[in-house]
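Visitor: I have a fold to go through and not much time. Can you walk me through the contacts?
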Amino acid sequence: MLVKRLQPMISHARRSYVELMFQVMGRALQAISEVDEQTRNETRALPEGFLFEMQVMPNGPRLIVEHTGDGKLHFHGDSAPRPVDLSIQFKHMAHAFLVLSFQEKTSVAFANDRMLVDGDVSYAVRMTRVLNRLESFILPKLVAQRAVKEYPANLHLPEKLISGARIYLKVATNFVETVRA
(Lines give C-alpha, C1' and ligand atoms only; values in the text may rest on other atoms or scores of the structure.)
Protein backbone atom coordinates (compact mmCIF):
# COMPACT_ATOMS: atom_id res chain seq x y z
CA MET A 1 0.00 0.00 0.00
CA LEU A 2 2.76 2.47 0.94
CA VAL A 3 4.69 1.62 -2.22
CA LYS A 4 1.66 2.48 -4.37
CA ARG A 5 1.40 5.90 -2.72
CA LEU A 6 5.12 6.54 -3.10
CA GLN A 7 5.33 5.49 -6.76
CA PRO A 8 4.18 8.86 -8.22
CA MET A 9 6.73 10.71 -6.07
CA ILE A 10 9.49 8.29 -7.11
CA SER A 11 8.56 8.73 -10.78
CA HIS A 12 8.58 12.52 -10.42
CA ALA A 13 11.94 12.44 -8.62
CA ARG A 14 13.47 10.27 -11.36
CA ARG A 15 12.17 12.57 -14.08
CA SER A 16 13.48 15.66 -12.29
CA TYR A 17 16.88 14.02 -11.83
CA VAL A 18 17.09 13.01 -15.52
CA GLU A 19 16.07 16.54 -16.61
CA LEU A 20 18.77 18.05 -14.39
CA MET A 21 21.40 15.60 -15.60
CA PHE A 22 20.58 16.39 -19.25
CA GLN A 23 21.02 20.10 -18.46
CA VAL A 24 24.39 19.44 -16.82
CA MET A 25 25.53 16.99 -19.51
CA GLY A 26 24.61 19.33 -22.36
CA ARG A 27 26.53 22.20 -20.82
CA ALA A 28 29.41 19.88 -19.92
CA LEU A 29 29.61 18.57 -23.51
CA GLN A 30 29.93 22.16 -24.69
CA ALA A 31 32.56 22.84 -22.02
CA ILE A 32 34.70 19.76 -22.69
CA SER A 33 34.80 20.64 -26.38
CA GLU A 34 36.26 23.99 -25.38
CA VAL A 35 38.92 22.69 -22.97
CA ASP A 36 40.00 19.23 -24.23
CA GLU A 37 41.94 18.74 -27.45
CA GLN A 38 41.25 14.99 -27.59
CA THR A 39 37.51 15.68 -27.48
CA ARG A 40 37.83 18.27 -30.25
CA ASN A 41 39.76 15.74 -32.35
CA GLU A 42 36.94 13.25 -31.81
CA THR A 43 34.19 15.70 -32.74
CA ARG A 44 36.01 17.24 -35.73
CA ALA A 45 34.95 14.16 -37.72
CA LEU A 46 31.31 15.22 -37.32
CA PRO A 47 29.88 17.41 -40.08
CA GLU A 48 29.54 21.08 -39.21
CA GLY A 49 25.95 21.71 -38.11
CA PHE A 50 25.57 18.09 -36.92
CA LEU A 51 22.82 17.89 -34.28
CA PHE A 52 23.01 15.26 -31.55
CA GLU A 53 20.11 14.45 -29.27
CA MET A 54 19.80 12.27 -26.21
CA GLN A 55 16.28 11.77 -24.94
CA VAL A 56 13.84 9.60 -23.04
CA MET A 57 11.12 8.10 -25.21
CA PRO A 58 8.54 9.01 -26.26
CA ASN A 59 8.41 12.69 -25.23
CA GLY A 60 10.60 12.80 -22.15
CA PRO A 61 13.48 15.05 -21.24
CA ARG A 62 16.18 15.60 -23.83
CA LEU A 63 19.36 17.45 -24.61
CA ILE A 64 20.52 18.81 -27.97
CA VAL A 65 24.10 19.71 -28.90
CA GLU A 66 25.40 20.93 -32.24
CA HIS A 67 28.84 20.61 -33.77
CA THR A 68 29.61 24.20 -34.75
CA GLY A 69 32.93 23.43 -36.43
CA ASP A 70 36.54 22.82 -35.40
CA GLY A 71 35.43 20.19 -32.88
CA LYS A 72 33.35 22.62 -30.80
CA LEU A 73 29.91 21.68 -29.48
CA HIS A 74 27.09 24.07 -28.61
CA PHE A 75 24.30 23.16 -26.17
CA HIS A 76 20.80 24.06 -27.42
CA GLY A 77 18.86 22.94 -24.36
CA ASP A 78 15.92 20.68 -25.13
CA SER A 79 14.84 22.21 -28.45
CA ALA A 80 16.45 21.58 -31.79
CA PRO A 81 16.69 24.34 -34.40
CA ARG A 82 16.06 21.69 -37.12
CA PRO A 83 15.74 17.90 -37.33
CA VAL A 84 18.51 16.06 -35.47
CA ASP A 85 21.11 13.95 -37.26
CA LEU A 86 21.64 11.47 -34.43
CA SER A 87 19.31 10.53 -31.60
CA ILE A 88 20.17 8.21 -28.74
CA GLN A 89 16.93 7.36 -26.98
CA PHE A 90 16.27 5.66 -23.68
CA LYS A 91 13.22 3.43 -23.95
CA HIS A 92 11.98 4.31 -20.46
CA MET A 93 12.64 6.85 -17.73
CA ALA A 94 13.83 4.07 -15.40
CA HIS A 95 16.49 3.09 -17.97
CA ALA A 96 17.71 6.67 -18.27
CA PHE A 97 17.84 6.94 -14.49
CA LEU A 98 19.99 3.79 -14.23
CA VAL A 99 22.55 5.18 -16.67
CA LEU A 100 22.50 8.80 -15.49
CA SER A 101 22.80 7.79 -11.83
CA PHE A 102 25.83 5.67 -12.81
CA GLN A 103 24.27 2.40 -11.74
CA GLU A 104 24.63 1.00 -15.25
CA LYS A 105 27.23 1.68 -17.94
CA THR A 106 25.99 3.06 -21.25
CA SER A 107 27.47 0.02 -23.03
CA VAL A 108 25.52 -2.32 -20.72
CA ALA A 109 22.31 -0.35 -21.34
CA PHE A 110 22.82 -0.80 -25.10
CA ALA A 111 23.52 -4.51 -24.60
CA ASN A 112 20.37 -4.85 -22.48
CA ASP A 113 18.31 -3.18 -25.23
CA ARG A 114 17.41 -0.20 -23.05
CA MET A 115 18.45 2.36 -25.69
CA LEU A 116 17.91 2.97 -29.39
CA VAL A 117 20.11 4.75 -31.91
CA ASP A 118 18.46 6.66 -34.71
CA GLY A 119 21.16 7.80 -37.11
CA ASP A 120 24.64 6.82 -38.20
CA VAL A 121 26.02 4.25 -35.75
CA SER A 122 29.61 5.42 -36.31
CA TYR A 123 28.58 8.90 -35.10
CA ALA A 124 26.84 7.29 -32.11
CA VAL A 125 30.06 5.47 -31.21
CA ARG A 126 31.99 8.74 -31.54
CA MET A 127 29.54 10.63 -29.30
CA THR A 128 29.62 7.78 -26.77
CA ARG A 129 33.42 8.12 -26.62
CA VAL A 130 33.02 11.85 -25.99
CA LEU A 131 30.48 11.17 -23.23
CA ASN A 132 32.80 8.58 -21.67
CA ARG A 133 35.71 11.04 -21.73
CA LEU A 134 33.51 13.70 -20.14
CA GLU A 135 32.44 11.33 -17.37
CA SER A 136 36.06 10.32 -16.79
CA PHE A 137 36.97 13.97 -16.18
CA ILE A 138 34.05 15.15 -14.08
CA LEU A 139 33.27 12.11 -11.94
CA PRO A 140 35.36 10.67 -9.13
CA LYS A 141 37.39 7.74 -10.47
CA LEU A 142 35.39 5.09 -8.58
CA VAL A 143 32.11 6.43 -9.99
CA ALA A 144 33.53 6.96 -13.49
CA GLN A 145 34.76 3.36 -13.57
CA ARG A 146 31.15 2.27 -13.02
CA ALA A 147 29.87 4.66 -15.68
CA VAL A 148 32.24 4.16 -18.61
CA LYS A 149 33.16 1.03 -20.51
CA GLU A 150 36.87 1.52 -19.89
CA TYR A 151 38.43 4.20 -17.69
CA PRO A 152 41.37 5.83 -19.54
CA ALA A 153 44.66 4.41 -18.27
CA ASN A 154 46.53 7.55 -19.32
CA LEU A 155 44.27 9.97 -17.40
CA HIS A 156 46.39 11.08 -14.45
CA LEU A 157 45.19 12.98 -11.42
CA PRO A 158 46.63 16.44 -12.29
CA GLU A 159 45.06 16.42 -15.78
CA LYS A 160 41.78 15.07 -14.37
CA LEU A 161 41.61 17.74 -11.66
CA ILE A 162 42.55 20.67 -13.89
CA SER A 163 40.30 19.66 -16.79
CA GLY A 164 37.46 18.70 -14.47
CA ALA A 165 37.67 22.07 -12.70
CA ARG A 166 37.70 23.94 -16.04
CA ILE A 167 34.66 21.96 -17.23
CA TYR A 168 32.72 22.57 -14.00
CA LEU A 169 33.58 26.29 -14.10
CA LYS A 170 32.27 26.57 -17.67
CA VAL A 171 29.12 24.61 -16.75
CA ALA A 172 28.47 26.89 -13.76
CA THR A 173 29.10 30.00 -15.87
CA ASN A 174 26.69 28.72 -18.53
CA PHE A 175 23.99 28.10 -15.87
CA VAL A 176 24.44 31.64 -14.50
CA GLU A 177 24.28 33.16 -17.99
CA THR A 178 21.10 31.19 -18.71
CA VAL A 179 19.46 32.44 -15.49
CA ARG A 180 20.36 36.04 -16.33
CA ALA A 181 18.90 35.81 -19.86
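Guide: Sure. This is a predicted model. Start with two helices: Arg133, Leu134, Ser136, Phe137 and Ile138 in H5 meet Glu159, Lys160, Ser163, Gly164, Ile167 and Tyr168 in H7.

Visitor: How do the residues of that contact divide into nonpolar, polar and charged?

Guide: Five are nonpolar, three polar and three charged.

Visitor: And at what angle do H5 and H7 pack?

Guide: About 105°, with the axes 8 Å apart. H5 spans residues 121–138 and H7 spans residues 157–180. Angles of 65 to 115 degrees count as roughly perpendicular, so H5 and H7 are roughly perpendicular to each other.

Visitor: Switching to the sheet. What's the strand order?

Guide: E3-E2-E1-E4-E5. The sheet is open, has five strands, and its pairing is mixed.

Visitor: Which strands stand at the edges?

Guide: E3 and E5. Each has a single partner strand, so one side of each lacks a neighbour in the sheet. From one strand to the next, the twist averages 15°.

Visitor: Which strands does H5 touch?

Guide: H5 packs on the sheet and touches E1, E2, E3, E4 and E5. Its direction makes about 65° with that of E4.

Visitor: How many bridges join E2 to E3?

Guide: Five, and the two strands run antiparallel. E2 covers residues 62–69 and E3 covers residues 72–77. Isoleucine 64 sits opposite glycine 77. Glutamate 66 faces histidine 74.

Visitor: What about the turn in that hairpin, which residue takes a positive phi?

Guide: Aspartate 70, with phi near 55°. Two residues lie between the strands there.

Visitor: New topic. How many residues has the largest nonpolar core?

Guide: It has 43. Those with the most contacts inside it are Phe22, Leu29, Phe52, Met54, Leu63, Phe90 and Ile167. Helix H1, residues 2–35, gives the most to this core, with nine residues.

Visitor: Zoom in on phenylalanine 22. What does it touch?

Guide: Leaving out residues up to four places away in sequence, phenylalanine 22 touches Met54, Gln55, Val56, Pro61, Arg62, Leu63, Phe75, Phe90 and Leu100.

Visitor: Last one, glycine 119. Where is it found?

Guide: In the loop between E5, residues 115–118, and H5. With residues up to four places away in sequence not counted, glycine 119 touches Asp85 and Leu86.

Visitor: Why does glycine 119 count as partly exposed?

Guide: Its relative accessibility is 34%. Buried means under 20% and exposed over 50%, so glycine 119 falls in between.

Definitions and conventions:
Residues are numbered from 1 along each chain as its sequence is written. This is a predicted model: local features need pLDDT of at least 70, side-chain atom pairs count only at pLDDT 80 or more; totals for chains, interfaces and linings use all residues. Side-chain values use heavy atoms; hydrogens and water are left out. Two strands pair if DSSP finds at least two bridges between them. Helices (H or I, at least four residues) and strands (E, at least two) are DSSP runs, numbered from the N terminus. Axes are lines fitted to C-alpha atoms, for helices over the stretch in contact, and angles run from 0 to 180 degrees between N-to-C directions. Angles under 35 degrees count as roughly parallel, over 145 as roughly antiparallel, 65 to 115 as roughly perpendicular and the rest as oblique. Contact means heavy atoms within 4.5 Å. Ala, Val, Leu, Ile, Met, Phe, Trp, Tyr, Cys and Pro count as nonpolar, Asp, Glu, Lys and Arg as charged, and the others, Gly among them, as polar. A nonpolar core is a set of buried Ala, Val, Leu, Ile, Met, Phe, Trp, Tyr and Cys residues joined through side-chain atoms within 4.5 Å. Buried means under 20% relative accessible area, exposed over 50%, partly exposed in between (1.4 Å probe, protein chains only).
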